[in-house]
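Student: Could you take me through one part of this model up close? I'd like to see how the charged side chains on the helices are arranged, and what sits around them.

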Amino acid sequence: MHKVMALDVGTKRIGVALSDYLQIIAIPHSVISRTPENKALKEIYKIAKENNVEKIVVGVPKNMDNTIGAQAQDCIDFSQKIHGFDIILEDERLTSEEAESRLRERKIDFRKNKGLVDMESAGVILEQYLRR
């Protein structure tokens, strides 16, 4: 069995989440600095190798009218730099809001640590993918 990784790609940080081996549960894992990009890619490869990942789900923040804006295009472009894995593009509209809501419910103050939101967002993206 293999795990699935999800990435919430932002301009500053990349949230990472991993599934369990049964691909049922999404678990927020870590946050990677987006710059320098080659270092970020190396870290993604390292996490993927350590966790026996075959698929990587990349969140694409489409506009509400389902069009691809600049941020969504940036995520697609970043995903094309990841090689050796099945790459799945997942619509991630409103995942940050969902992530913030979940953190508030658990009484976790994320205002000083936006990486928590990125990590939780990656978990939401992965959850959406695993449900389908």
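Tutor: Let's start with Arg 102, which counts as buried at 18% relative accessibility; buried here means under 20% relative accessible area, exposed means over 50%, and partly exposed is anything in between, using a 1.4 Å probe and protein chains only. Before going on, keep in mind that this is a predicted model, where local features need pLDDT of at least 70 and side-chain atom pairs count only at pLDDT 80 or more, while totals for chains, interfaces and linings use all residues. Residues are numbered from 1 along each chain as its sequence is written, and side-chain values use heavy atoms, with hydrogens and water left out.

Back to Arg 102: its side chain meets that of Glu 127 in a salt bridge, 2.6 Å from N to O. The term stands for a side-chain nitrogen of Lys or Arg within 4 Å of a carboxyl oxygen of Asp or Glu. Arg 102 sits in helix H3 and Glu 127 in helix H4, so this contact ties together parts that are 25 residues apart in sequence. (Helices are DSSP runs of H or I with at least four residues, strands are runs of E with at least two, and both are numbered from the N terminus.) Unlike buried Arg 102, Glu 127 is partly exposed, at 23% relative accessibility.

Glu 127 has another partner as well: Arg 131 forms a salt bridge with it, the closest N and O atoms being 2.9 Å apart. This one stays inside H4, where the two residues are four apart, about one turn of the helix. Arg 131 is exposed, with a relative accessibility of 64%.

Next comes Arg 106, whose salt bridge with Glu 120 has its closest N and O atoms 3.0 Å apart. That pair links distant parts of the chain, with Arg 106 in the loop between H3 and H4, Glu 120 in helix H4, and 14 residues separating them. Here the acid is the buried partner, Glu 120 being at 8% relative accessibility, whereas Arg 106 is partly exposed at 46%. By the same distance rule, the count comes to 10 salt bridges, and elsewhere Arg 34, Glu 37, Asp 74 and Lys 81 are linked in a network of them.

H4 has a nonpolar residue worth a look too: Val 124 is in this helix and is buried, with a relative accessible area of 5%. Its C-alpha atom is separated by 9.0 Å from that of Ala 6, although the two are 118 residues apart along the chain.

Finally, there's the largest pocket, which holds about 260 Å³ of space. A pocket is found on a 1 Å grid over the protein atoms alone, as an open set of points with protein on both sides within 12 Å along at least five of seven lines, and lining residues have an atom within 4 Å of a point. The volume is the space filled by probe spheres set on the points. Of its 17 lining residues, those closest to the centre are Asp 8, Gly 10, Glu 92, Ser 96 and Asp 118. Strand S1 (residues 3–9), helix H3 (95–105) and helix H4 (114–131) each give two or more residues to the lining, and H4 supplies the largest share, four residues.

Definitions and conventions. Two strands pair if DSSP finds at least two bridges between them. On a 1 Å grid over the protein atoms alone, a cavity is a set of points where a 1.4 Å probe fits but cannot get out, and a pocket is an open set with protein on both sides within 12 Å along at least five of seven lines; lining residues have an atom within 4 Å of a point.
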